Amino acid sequence: MHRFKKLCRLEEAEVVEGQQSPKIELIVIERILEGLVQVVHDVHNNNNHDEAPQQPAMPMPGAGAMPQSWLLGIERVFEVLPCTDEQKVVFATFMFEGAALIWWQLKKPLEPLWLWPRFLEVFNEEYFPEMVRDQKIQEFLNLKQGNMIVVVYNAKFMELSRYAPHIVSTESRKARRFEAGLRWNIKNKVEILRLPTHQEVLHAALIAEESLNEMSQFREKSKEEDRRKLPLEYELSVSLPSGDSMLCDRVYSSCEIRVNDVPMYVNLIPLEMHGFDVILGMDWLSSYRALIDCELKRVVFHSFAHSGLIFEGVGVVPPPYLISSMKARRLIQKGSQAFLCSVVDTHVSPPTLEDIHVVREFPDVFPDELPALPSGTDGFTIYSDASHRGLGCVLMQHGKVIAYASRQLRPHEKNYPTHDLELAAVVFALKIWRHYLYGVTCEVFTDHKSLKYLFTQKELNMRQRRWLELIKDYDLRPKYPLLDELERAEIEVVAPDTNTMLTTMIAQPTLIEIVKQRQPEDPYLWKVYEEMLVNPKPDFTLQDKALRFQSRLCVPNIPEVKRQVLEEAHNTKFTMHPGGTKMYRDLKETFWWPGMKKEIAEFVSQCLSCQQVKAEHQRPAGLLQSLPIPEWKWEHITMDFVVGLPNSPRGCNAIWVIVDRLTKSAHFLPVKTTYSLSNFHASIGMAPYEALYGRKCRSPICWTEVGERQMLGPEIVQLTTDKIKGKLKPRYIGPFEVLQRIGTVAYRIALPPELSHVHDVFHVSMLRKYVHDPTHVIHHYPLNMREDLSYVETPIEIIDRRDQVLRNKVIPLVRVVWRNHSYEESTWEREDEIRERYPSLLE
């Protein structure tokens with residue numbers, strides 16, 4: 001190639017100098033032909049590098065791809081060689097030999113002047129006739145990937161596509177044709193993407209092929225493991241240090257392991273243990289005749305195939321020998337000698353008194369009035385608090401700060417309940433300030449009544465018992481100011497420079513203040529209030545100028561006040577319409593009035609939302625109707641639980657039975673019995689969550705712990721909205737007047753004009769009694785129903801796709817969300833049916 005470029009440069013130089021004699025032109029033509037021969041020779045050798053070198057020549061006459069390939073090689077030469085159409089014919093025919101040369105000698109005299117387009121026409125008629133071109137086009141149309149990999153299929157596709165340029169005239173048509181020939185498992189993954197270009201389709205096909213190859217390798221590996229997994233002749237029981245045991249009945253035979261990159265084989269038994277990858281027993285060591293040197297931490301193998309193989313373990317530096325202070329004291333008492341050593345770094349100068357900083361040298365952190373040492377031994381006060389991140393406490397004396405202390409929670413402490421965390425903060429303060437607090441009276445201010453809980457609880461765990469022994473050594477006076485001041489909080493906003501108060505914000509529960517202010521309007525409560533001023537009555541107390549019954553705020557017998565209390569506990573977004581029992585147990589902890597439980601039950605029964613949403617708990621009326629026969633397997637199922645069984649090794653004590661109603665096929669799943677933690681249980685007098693954690697379980701809608709504040713993002717708002725919509729989704733519409741009884745189990749209802757297309761006779765099981773309330777506002781929304789009370793399901797959006805692979809075909813499926821249904825009720829449908837019925841949904 002370098003020689004060809006040199007000859008071309010020589011030709012250009014001679015032309016520029018103007019020496020264009022016939023002799024020079026002949027020399028130039030000869031040199032160009034030499035370069036052409038060399039280039040064609042190189043092209044020929046590159047295309048046939050596996051064969052022996054041959055002289056470049058035109059192949060024998062015949063129809064096929066070889067003449068066309070030779071012609072493409074010649075045209076590549078003409079792209080870099082400036083020639084006229086007449087010169088191209090001369091240079092190309094110069095390469096002919098044998099039968100090709102004879103053919104050209106017969107054709108050349110037929111026309112006086114041969115140009116390159118005419119030569120190509122005659123050449124193709126002889127060596128690449130129309131019949132052969134049609135065969136190549138048909139071969140391109142019938143091209144399938146088959147067993148070829150994607151790279152080989154793409155090379156074959158590109159080779160044949162040049163014979164049919166009209167079929168792949170655009171990138172989109174080229175991409176669709178390439179997709180059509182792919183293997184079905186690759187085609188299903190690529191076709192749904194609708195990629196616009198051939199290169200993008202090729203890239204996606206390569207990715208899909210790689211994914212399928214990995215899946216195939218994984219399946220082969222799983223099959224290999226299944227072939228190796230053999231049953232044991234006996235059931236092996238392995239005892240654990242915790243006292244439990246594991247049962248094993250399978251073994252993986254001839255598993256390969258490598259010791260110093262030398263393959264060895266071992267039979268492995270799977271155990272459900274963590275912390276170990278492989279445990280090699282004595283049977284494996286003996287089979288390879290291994291000798292263990294414990295001192296050198298070395299294993300030498302003496303088997304025939306592994307003679308001289310040595311494995312050396314990594315040495316572990318033993319920790320220094322340490323003894324406890326109690327053991328050292330006993331040794332000294334027995335007469336042992338003790339030496340007190342002090343290690344000093346000689347490269348560092350000893351510290352001076354000026355190097356030790358005191359608290360007063362940090363004015364930006366600590367206030368100026370922070371004392372250095374406490375005065376006396378009385379008047380100590382501890383303020384402690386805890387969060388889910390750490391513990392904090394402050395030691396004060398006579399209103400002045402003595403010291404601060406805080407630390408982060410350890411990993412196991414993050415699982416403590418709230419009252420244990422508050423108690424841990426108190427214990428933390430007592431330990432670090434023991435030299436101040438031991439033997440003196442101290443007040444402790446905390447958020448929760450943790451100390452009271454600790455002293456009154458009958459059953460304590462080991463941790464709480466240790467804390468109780470520590471706390472009993474101190475004279476503590478617990479205070480709970482935050483719990484007493486929760487009903488009113490005042491915040492002052494002060495300018496930082498002038499200390500001028502800009503504004504004051506008061507946060508207080510308005511409902512409690514209304515109840516307190518209107519207590520004197522109730523004659524009964526006012527009479528009790530006057531008697532309390534002269535002679536205290538049992539169960540009644542006066543607190544903050546408000547009357548309380550057994551520490552609960554008394555609600556006056558005023559209808560609007562009672563209704564406001566009931567609506568606050570029932571209709572707000574923080575309560576979400578609880579039932580009568582739960583609402584009564586929530587209210588009775590804060591409020592009291594005579595006949596409270598009865599009035600709450602009547603209020604809940606009159607709630608329009610509860611009547612429309614909640615199912616009625618009563619004996620079903622009317623005759624039972626048989627269920628429709630399912631059309632598909634596992635379309636309708638029935639479930640039941642078998643409980644009361646002994647615990648299995650995995651802790652399961654129940655069986656979950658799932659039966660298909662069509663085929664009666666059943667699945668039996670071992671499960672553990674669980675309980676609803678938030679519902680009230682009459683057997684224990686509270687919810688299990690409250691019995692376990694010592695506090696009520698609230699719905700996860702904008703509730704936070706008292707004391708520790710956090711910023712809430714839009715996720716909690718969306719979660720709240722979804723939960724409220726799901727719980728308050730109406731099940732009934734109405735109310736409507738009953739006009740006539742039809743038979744024994746049906747009624748005729750007076751429907752409004754908006755529901756005139758609905759049949760007005762209903763079975764009694766579809767009706768519910770309406771409890772009247774004059775405050776109800778009834779709205780009738782239009783219902784898209786048929787006369788048989790059915791309606792057409794309308795899809796909203798497609799949220800997922802997948803392929804259902806059967807034995808002989810693949811069915812593309814889409815997951816559809818329907819109108820009037822939640823996300824959880826979305827269904828899988830065939831893509832072709834959805835495309836036919838709702839084409840706009842797939843655009």
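This report walks through a predicted model of one protein chain, from its overall make-up to some local details.

## How to read the model

Residue numbers start from 1 along each chain as its sequence is written, and side-chain values use heavy atoms, with hydrogens and water left out. Since this is a predicted model, local features need pLDDT of at least 70 and side-chain atom pairs count only at pLDDT 80 or more, while totals for chains, interfaces and linings use all residues.

The confidence score comes up often, and pLDDT is the predictor's confidence in each residue, from 0 to 100. The protein chain has a mean pLDDT of 75, and 73% of its residues reach 70 or more. Over residues 46–65 the pLDDT is below 50, and this stretch has 38 contacts beyond near neighbours in sequence (a contact means heavy atoms within 4.5 Å). Residues 699–713 also stay under 50, with 23 contacts in the model beyond four places in sequence. Where pLDDT is low, the predicted coordinates should not be read in detail.

## The chain as a whole

The protein chain contains 27 helices and 26 strands. These elements are DSSP runs, numbered from the N terminus: helices are H or I with at least four residues, and strands are E with at least two. Of the 843 residues, 28% count as buried. Here, buried means under 20% relative accessible area, exposed means over 50%, and partly exposed is in between (1.4 Å probe, protein chains only).

The accessible surface of the protein chain comes to about 59300 Å², and 55% of that belongs to carbon and sulfur atoms. Such areas come from the Shrake-Rupley method with a 1.4 Å probe, and for residues only the protein chains shown count as cover. Among contacts between residues at least 6 apart in sequence, 48% join residues at least 24 apart.

## Strands β18, β19 and β20

If you would like a place to start looking, try strand β19 (residues 654–660). It pairs in the antiparallel sense with strand β18 (residues 637–642) over six bridges, and β19 also pairs in the antiparallel sense with strand β20 (residues 666–671) over six bridges. Two strands pair if DSSP finds at least two bridges between them.

You can follow one residue across these pairings: I655 in β19 is the bridge partner of V642, and the bridge partner of I655 in β20 is P670. β19 and β20 form a hairpin with five residues between them, and K664 in the turn has a positive phi of about 65°.

## Two more positive phi angles

S551 has a phi near 65°, a positive value in a residue other than glycine. S551 sits in the loop between β15 (546–549) and β16 (552–554), and it is exposed because its relative accessible area is 54%.

W634 also is not a glycine, yet has a positive phi of about 60°. W634 is placed in the loop between α24 (608–613) and β18. With a relative accessible area of 37%, W634 is partly exposed.

## Salt bridges

A search of the whole structure finds 18 salt bridges, each being a side-chain nitrogen of Lys or Arg within 4 Å of a carboxyl oxygen of Asp or Glu. One of them joins R298 and E312, whose closest N and O atoms are 3.3 Å apart. That pair links distant parts of the chain, with R298 in strand β5 (residues 298–301) and E312 in strand β6 (residues 309–312), 14 residues apart. R298 is partly exposed at 28% relative accessible area.

E831 and R801 meet in another salt bridge, at 3.2 Å from N to O. Their positions are 30 residues apart: E831 is in helix α27 (residues 831–837) and R801 in strand β24 (residues 795–805). E831 is buried because its relative accessible area is 9%, whereas R801 is partly exposed at 37%. Elsewhere, salt bridges that share partners join R407, R410 and E413 into one network. Within this network, the closest N and O atoms of R410 and E413 are 3.3 Å apart. R410 is partly exposed at 43% relative accessibility, while E413 is buried at 6%.

## A nonpolar surface patch

I269, L271, M273, F276 and I279 make a nonpolar surface patch of about 420 Å². Patches are made of residues with over 30% relative accessible area and no salt bridge, with like charges joined within 9 Å and nonpolar side chains (Val, Leu, Ile, Met, Phe, Trp, Tyr) within 5 Å. I279 lies in the loop between β3 (262–268) and α12 (282–287), and I279 counts as exposed because its relative accessibility is 54%.
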